[in-house]
Amino acid sequence: MTIEPRIRDELHTLRDQIRHFQGGMVASVDGMVIAHDLPDIEPDGLAALTAAAIGVAKRLTEATGQGAFEESLTRGATGYIAAYSAGRRAVLTAVASTDTNVGRLHLQARKAAERIGALVDAAPHR
């Protein structure tokens, strides 16, 4: 059984829990899309960009002695892009408008990333 439907359910739950949530994606740490709920964003490109950003964030946390990467938040003029470590092999990327409550985004996305990470880490490697 594939884990993709269960991950997509987690993404839909985030949409229900977070006002102004625009979409989410789960990708492998090397940039391959696992599942997404991104109506207006091309997932393959976002997965590649997330992998690159996470690579830099990992080096940044290591270079400053802050431990292993856990999450990153980028704010643009019209919204946020947040990336959360989801187990050893995946990353949850969340996109939300500037009207979103960032605290709620972090709260719900961290919980979802933990559940998603458990699913991905338990699944056999492809």
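Biologist: Let's dive in: which residues are buried in helix 3?

Modeller: They are Val102, Leu105, His106, Gln108, Ala109, Ala112, Ala113, Ile116, Gly117, Leu119, Val120 and Asp121. Buried means under 20% relative accessible area, while exposed is over 50% and partly exposed is in between, with a 1.4 Å probe and protein chains only. Keep in mind that this is a predicted model: local features need pLDDT of at least 70 and side-chain atom pairs count only at pLDDT 80 or more, whereas totals for chains, interfaces and linings use all residues. Residues are numbered from 1 along each chain as its sequence is written, and side-chain values use heavy atoms, leaving out hydrogens and water.

Biologist: What covers those buried residues of helix 3?

Modeller: The cover includes helix 1 (4–17), strand 1 (21–28), strand 2 (33–37), strand 3 (71–76), strand 4 (79–86) and strand 5 (90–97). Those labels are DSSP runs numbered from the N terminus: helices are H or I with at least four residues, strands are E with at least two.

Biologist: How do you know that the span of helix 3 agrees with its number of residues?

Modeller: The expected span is 1.5 Å times one less than the number of residues. Helix 3 has 21 residues (102–122), so it should span 30 Å, and its end C-alpha atoms are 30 Å apart, which agrees.

Biologist: And what caps the N-terminal end of helix 3?

Modeller: That's Asn101, with a side-chain oxygen 3.0 Å from the backbone nitrogen of Gly103.

Biologist: What makes a set of residues a nonpolar core?

Modeller: They must be buried Ala, Val, Leu, Ile, Met, Phe, Trp, Tyr or Cys residues, joined through side-chain atoms within 4.5 Å. The largest one here has 23 residues, and Ile7, Val26, Tyr84, Leu92 and Ile116 have the most contacts inside it. Helix 1, strand 1, strand 2, strand 4, strand 5 and helix 3 each give two or more residues to this core. Helix 3 gives the most, with 7 residues. Apart from this core lies another, of 6 residues, among them Met25, Ala27, Leu38 and Leu46.

Biologist: Which residues does Leu92 touch?

Modeller: Contact means heavy atoms within 4.5 Å. Leaving out residues up to four places away in sequence, Leu92 touches a list including Leu11, Val26, Tyr84, Ala109 and Ile116.

Biologist: Why is Asp37 called buried?

Modeller: Its relative accessible area is 12%, so Asp37 falls under the cut-off and counts as buried. Asp37 lies in strand 2.

Biologist: What joins the side chains of Asp37 and Arg15?

Modeller: A polar contact of 2.9 Å. The rule asks for a pair of N or O atoms within 3.5 Å; within protein, one must be able to donate a hydrogen and the other to accept it, and residues adjacent in sequence count only if both atoms are side-chain atoms.

Biologist: Why does Glu4 count as partly exposed?

Modeller: At 28% relative accessibility, Glu4 sits between the two cut-offs, so partly exposed is the right label. Glu4 has its place in helix 1. Beyond its neighbours within four places in sequence, Glu4 is in contact with Ile34 and Ala35.

Biologist: How do you know that the radius of gyration of the protein chain agrees with a compact globule?

Modeller: The rule is 2.2 Å times the number of residues to the power 0.38, with the radius taken over C-alpha atoms. For 126 residues a compact globule would be near 14 Å, and the protein chain has 14 Å, so the two agree. Its C-alpha trace spans about 40 × 35 × 25 Å along the principal axes.
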